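Reader: I would like to go through some helices and their packing. Please show me the model.

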Amino acid sequence: MSEKGQLKRQITMRQLSRITLGGGIGTGLFLASGALIGGAGPGGALIAYGFIAVIVYFLMTGLAEMTSFMPVSGAYAAQATKFVDPAFGFTVGWNSWFGWAVTLAVELEAGAIVMGFWFPDVPSIIWSASLLAILLAINLVGAKGYGEAEYWLSSIKISSVLIIIVVGGLMIFGILGGQATGTYNLRIGEAPFVGGISGLFSVILVAGFAFAGSEMFAITAGEVENAEQNVPKAVKQIIWRLIIFYLVATFVLGCVIPYDNPNLLNSSVENVAMSPFTILLDKSGIPFAAHLMNAVVLVVVLSITNSGLFLTSRMLYALASSKKAPKVFEKTNKKGVPVAAILCSAAVGCLCFLSSFVGSGKVYITLLNMSSLNIFLMWLTITICYYRFRRGYVRQGYDLKDLTYTAKWFPAGPIFAMIAIIVIIVGQDIVLFMGETIDWFSVISINLCIVIFVAPYIGYKIKHRTKTVPLDEIDYKSKETTF
């Protein structure tokens with residue numbers, strides 16, 4: 001390894017487009033969509049996904065504007081340093097690494113559960129170790145290996161959603177399944193809206209989790225060919241397709257499956273047979289529906305873990321480059337691969353995964369809650385960074401026409417996104433306290449995540465006495481930065 005290496009721009013436009021689209025399609029769509037339809041009805045599910053889609057739109061377009069202006073390793077952590085405060089950048093960097101490391105651990109266990117569907121007698125640790133070995137092999141090849149693997153994994157996810165939409169559409173008109181469902185299930189019982197405002201609010205959190213990963217294109221920007229042009233091009237091509245996928249798929253599911261189907265609320269990685277996609281395939285008469293869907297969920301898990309390992313290693317590399325992490329993680333081999341950062345991220349993810357077997361499953365639930373909330377915290381930091389980026393750029397007299405890409409609806413867009421995300425974060429506690437019995441373990445684990453996010457900021461700010469960068473002093477001339 002070189003003492004200080006450089007990442008290489010090996011991710012092509014073809015790969016970036018597929019990564020950007022596939023990044024927003026996870027187990028949330030394949031599994032959690034059942035909980036949305038069952039908890040808030042088909043209409044409520046559409047509103048929930050639509051509400052989050054608006055947030056994601058402003059998030060992705062604002063991030064694309066910043067990233068095309070400054071496509072560096074460290075992504076929004078570097079942007080947080082440059083446009084907000086060095087303490088903010090330090091916090092965003094380490095929390096991004098922590099959040100994705102935890103996600104890696106959670107998804108490793110999910111992968112083992114998926115494999116257990118076919119091989120219930122094989123110890124789950126065998127599958128987790130095998131999945132981790134595959135991921136290491138892919139990531140150690142370099143960005144090119146990651147990009148190609150993610151291209152094909154994302155292609156399978158996208159194709160699966162399209163197939164479900166087509167099959168469901170044929171069932172609506174009675175071409176498959178024996179009897180046309182039409183829009184009848186959208187009007188039965190309490191449908192299309194179930195539970196009113198409280199029902200909608202209780203599932204909107206789940207809808208947010210489903211879009212996790214939409215921001216990952218920014219972290220890959222440091223290794224994308226011609227990132228200034230390709231990043232905004234990929235976002236413009238993909239963002240509406242991603243939103244339409246969710247809304248159309250949910251509409252089709254709502255038409256074919258009644259909201260009061262008891263299996264919808266039981267859909268989870270432990271019980272893929274209850275996935276709304278599996279139920280739909282069963283109704284269509286397609287054989288081995290559960291096995292087909294389990295295979296798709298396995299691909300989804302592989303995609304998430306593959307991206308998780310890539311993103312954690314690049315963030316650790318960026319932290320080391322800015323002297324916020326041990327120097328060893330700044331080293332790369334001749335191919336531009338930060339081997340030490342990859343191995344460390346994999347080790348931490350593996351340790352978190354193994355810890356879930358100690359005692360009870362409470363550790364796993366803690367990791368899942370922390371990972372989910374961390375996503376919203378990252379989204380909040382991105383919207384704050386973008387708001388200050390644009391305000392400073394205009395205040396200093398720069399022309400928006402000189403930007404490679406300009407997001408629309410400023411400042412209303414980022415302000416709306418910030419407020420909405422804060423409401424969602426606060427709402428997690430409210431929902432927990434609204435039940436007949438309070439799950440104090442979940443309350444503690446969720447609020448612990450907030451403490452873990454805030455503590456580094458306060459500590460770094462006190463130690464280094466940093467100040468928020470005035471808008472008039474933000475440096476737009478240099479597009480390189482460390483944090």
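Reader: What phi does K323 take just after α11?

Author: K323 has a positive phi of about 65°. α11 is one of the helices, which are DSSP runs (H or I, at least four residues) numbered from the N terminus. This is a predicted model, in which local features need pLDDT of at least 70, side-chain atom pairs count only at pLDDT 80 or more, and totals for chains, interfaces and linings use all residues. Residues are numbered from 1 along each chain as its sequence is written, and side-chain values use heavy atoms, with hydrogens and water left out.

Reader: How many residues does α11 have, and what is its reach?

Author: The expected span of a helix is 1.5 Å times one less than its number of residues. Helix α11 (residues 289–321) has 33 residues and reaches 48 Å from first C-alpha to last, close to the expected 48 Å. Of its 33 residues, 29 are buried (under 20% relative accessible area, 1.4 Å probe, protein chains only).

Reader: Why is α6 described as largely enclosed?

Author: Because 21 of the 30 residues of α6 are buried, the rest of the structure largely encloses it. The end C-alpha atoms of α6 (residues 143–172) are 43 Å apart, which agrees with the 44 Å that its 30 residues should span. Just after α6, G174 has a positive phi of about 80°.

Reader: Is T466 buried or exposed?

Author: T466 counts as buried because its relative accessibility is 14%. It lies in the segment after α15 (440–464). Not counting residues up to four places away in sequence, T466 touches D85, P86, A87, Y460 and K461, where contact means heavy atoms within 4.5 Å.

Note on methods. Helix = DSSP H or I, 4+ residues; strand = E, 2+ residues; numbered from the N terminus. Buried < 20%, exposed > 50% of the residue type's maximum accessible area, 1.4 Å probe, protein only.
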